[in-house]
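Biologist: I have the file open and would like to go through it with you piece by piece. Could you start with how some of the elements pack, and then take my questions as they come?

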Amino acid sequence: MRICFYGYLDAVELFCFSMPPKKGKSSKGGKLNKAQKAKQQQEEEERRLQEEEEARLHAEKEERERLERERKEKEQERLELKDQERREDELNELRHLLEENHTAVTTWKTDAVEKAKWERYMHCDGTPDPAVQQDLNTHISLWRDDPEVNITLVLKQCHLALQLMEELEALLRDVTDPQECHKYQDGLINLQELIHSKHLLTTEEILKSASMNIDTETGNMQTVVKDVNITLCLWANLKKNPRFRDLNFGEAGLGFELPKQLAVSHIAVRLLHTHYDHLSLLARMAHPRMHTPSLRSLACGEEVPADIDVPEQEETKRTGEAKEDIETQQQRVDKESAASQESSRNSAQPAEGRVSQIQTQMEALSTEGDLTETPIVQLTMMDRSECVQAVDLMQYTPLGGVFYCDVFHLPPQTHQVNGWEIRQLLDEGLQVFPYPLEKSNLDDTEALTCPPVGVSVTLPDSVVFLETPQVARWDAAVKQWRMDSITDLSYEEKEAKISFKMDSFQPFVLMQETYANLPFLSWELRPLGQDAALFTVNGALIDLSITIQGNQCMLQLGQERGLSHLIGKWMSGPILQRAMLNAGINIFVNEYTDKYIITCGKDPLTEHAAYEQMALFASACAFSWSKWNAKCGAEHLVMQACEHHDPVPVPKDSWSLYLLGAQRSQKLEITEKSAEFSPDYYPGSEFHSTFIHMLQDNMSTDGIARTRESNNLFVDTVQSLLCATRPLMYS
């Protein structure tokens, strides 16, 4: 028992000695804890002081910002009040400049028309006036009865007919009377049909003598006739050699490949390339596009070129004769067209109509609700079963004319007998050889399937294809271009040659997307001197520039593209626009372009007001694209501008940014290199109700004098070009 007790005490003692000593105030650990606590208190005190300092600095900053805001608000109120005081004077001055320019241009155009009429009257060369229906009908009747079939003389007559058609198309673009429109369309259709029939007569005449012009190498007849308006390639199958199935007319850039059934048939093949396109015109007249001009088109005063179609809103079913159908539909279109053109004309009047237009652009936008969202015209398409594969002539543009691919029964040949020429005469004229062959024309053992016809075309050098060309065939039954039944399409870009196959012999055309070069990557308008400017566009696929001198324009391309008939030639703005469209160089838009291209969605009235004022100052100021134009909202425009007199490029540090709105314009503090958009105005600048008065604040006396001396035709040409391209909307 005693031993156990001691053992118990020893265990207790051992346990006590094994326990760590308690931390007391006098221990070393206690001293460290006190130091740490003091340090913590010091850190907390420093943190508190720092927070108080930060709070003080923040309060001071907020106070400074508040004072700065108040200062800016007071300054802005002062500037706005100052702007309001002179607003009426500035608007009146702008209105006066625009009215003066508009009146002068209208007078000049009227005199030019009268002068042209007088010169035509004094010419007395027997050429009919297409505006006079009786003269045109007499000319058509006399030409229809003319028995002339000599290809050279007939082509001269066709050349005159084409000139008359161009004049009729020009009259159609300006006509407002539905009856006049119907009359001009009748003239176009009659001339088109007559030209086509004359081509058939001359073709028949050449084929009648095919046996007398045999090619010694192939035993067949082949010939090429070239004119300024057409290229005619004819081949007569006299030998009927099944192994000879393809032919290339090298000088014409055309070729074909025949299936076996045709290689052994008594046929003739015609490849006729007309450098003009009457079929697309016929398609537009047969399927009139019903639409109401949008606010945007009225604002910019745009005129849709005759070469551009618009999406259809309504289309009647075609029954009966094609010509009667055209008349019925066109009468309905003409009523709406006349009304829309009349409203457009009224908006351009120099008196009260013009005054209200300026007032609307500069003042009334904010009081008429949200006009930035232009209502999109609702399009009602025809039944899908009726327009399968039909080409939208707004989305695609035919280029390079029409290629007629035909096969005919070879007419009876001339035979020489004792010095006499003997030839069988047929009353029906040249007959089309049916292909694909009908079942009755095939042997029982022959397959009913007829292989397609191969065609190869070297791209015309009169047009530019920015992308791989598309091929469309003409469907005469519905008067539409279609892209189906085109197979084995191949494009050799280096050789500029396209090959494909069709199920039958049909006219075809090469197409490309109308707006392939939109939207613009950038643009610039800079003066080259008094009444001279250079408009440069960097498009999506091609860069170009247009030099403006007075009322004349000249196109230059950034790349070598040929087009010797167009590049470097001076012509009026409207003529240049049509020539560029026909050449495949499209930078022009209309109220339906945004159906195919994404836009900046700017308000059309504000945009148009900007183009008017840019044109007024185009002799002394340069204007350029800004990346902030897409960031400033639909109700504002942003562009770079500066005074510039020398024809050399504008120095990069010369540009300033300007914000344009319906109520006022201002110079911006930001630059193109700023991190984000800010509408803050440039320190020391002022607000103005018009863009031109905003520009004048930073212009020299000489620069302002230049703007006041600008030629009216130059101003009108620049404005028309800007309205036709709308760079502030499509860049």
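**Packing, cores and loops**

Modeller: Helix 5 and helix 7 lie oblique to each other, where angles under 35 degrees count as roughly parallel, over 145 as roughly antiparallel, 65 to 115 as roughly perpendicular and the rest as oblique. Before we go further, this is a predicted model, in which local features need pLDDT of at least 70 and side-chain atom pairs pLDDT 80 or more, whereas totals for chains, interfaces and linings use all residues. Residues are numbered from 1 along each chain as its sequence is written, and side-chain values use heavy atoms, without hydrogens or water.

Biologist: Fine. What angle do helix 5 and helix 7 make, and how far apart are their axes?

Modeller: The angle between helix 5 and helix 7, the latter covering residues 279-286, is about 140°, and their axes are 11 Å apart; the axes are lines fitted to C-alpha atoms over the stretch in contact, and angles run from 0 to 180 degrees between N-to-C directions.

Biologist: Which residues of helix 5 and helix 7 meet there?

Modeller: From helix 5 come Gln185, Leu188, Ile189 and Gln192, and they meet Leu279, Leu281, Leu282 and Met285 of helix 7, with contact meaning heavy atoms within 4.5 Å.

Biologist: And what about helix 3 and helix 4, what is their angle?

Modeller: Helix 3, residues 133-145, packs with helix 4, residues 151-174, at an angle of about 155°, and their axes are 13 Å apart. Helix 3 and helix 4 therefore run roughly antiparallel to each other. On the helix 3 side Leu136, His139 and Trp143 take part, and on the helix 4 side they meet Gln157, Cys158, Leu160, Ala161, Leu164 and Leu168.

Biologist: Back to helix 5 for a second. Is His199 buried or exposed?

Modeller: His199, which lies in helix 5, residues 178-208, counts as buried because its relative accessibility is 5%; buried means under 20% relative accessible area, exposed over 50%, and partly exposed in between, with a 1.4 Å probe and protein chains only.

Biologist: What does His199 touch, leaving aside neighbours within four places in sequence?

Modeller: With those neighbours left aside, His199 is in contact with Leu155, Cys158, Ile230, Arg270, Leu272 and Tyr276. Cys158 also appears in the contact of helix 3 with helix 4, as one of the residues from helix 4.

Biologist: Let me zoom out. How many helices and strands are there in the protein?

Modeller: The protein has 15 helices and 23 strands, taken as DSSP runs numbered from the N terminus, with helices being H or I over at least four residues and strands E over at least two. Of the 731 residues in the protein, 46% are buried. If one takes the contacts between residues at least 6 apart in sequence, 69% of them join residues at least 24 apart.

Biologist: How many residues does the largest nonpolar core have?

Modeller: The largest nonpolar core has 64 residues, and those with the most contacts inside it are Leu544, Ile546, Leu555, Met580, Phe623, Phe691 and Leu695. Such a core is a set of buried Ala, Val, Leu, Ile, Met, Phe, Trp, Tyr and Cys residues joined through side-chain atoms within 4.5 Å. Its largest share, 7 residues, comes from helix 15, residues 712-725. Apart from this core lies another, of 50 residues, which includes Val154, Met285, Tyr404 and Met511.

Biologist: And which residues is Leu544 in contact with, again leaving aside neighbours within four places in sequence?

Modeller: Leu544 is then in contact with Phe535, Thr536, Val537, Leu555, Gln556, Leu557, Gly558, Met580, Ile585 and Ile587.

Biologist: New topic, backbone geometry. Where are cis peptide bonds found around Pro436 and Pro519?

Modeller: One joins Tyr435 and Pro436, with omega about 10°, and Pro436 sits in the loop between strand 8 (420-422) and strand 9 (453-458). Another joins Leu518 and Pro519, with omega about -5°, and Pro519 belongs to the loop between strand 14 (508-513) and strand 15 (522-529).

Biologist: What is phi for Ser485 and for Arg726?

Modeller: Ser485 has a phi near 65°, which is positive in a residue other than glycine; Ser485 lies in the loop between strand 11 (480-482) and strand 12 (486-492), and with a relative accessible area of 27% Ser485 is partly exposed. Arg726 has a positive phi of about 50°, although Arg726 is not a glycine, and Arg726 is found in the segment after helix 15. Arg726 counts as buried, because its relative accessibility is 0%.

Biologist: Last one: where does Asp646 lie?

Modeller: Asp646 is in the loop between strand 21 (637-643) and strand 22 (656-660), and at 47% relative accessibility Asp646 counts as partly exposed. Asp646 and Arg526 are 120 residues apart in sequence, and in space they are 9.3 Å apart, C-alpha to C-alpha.
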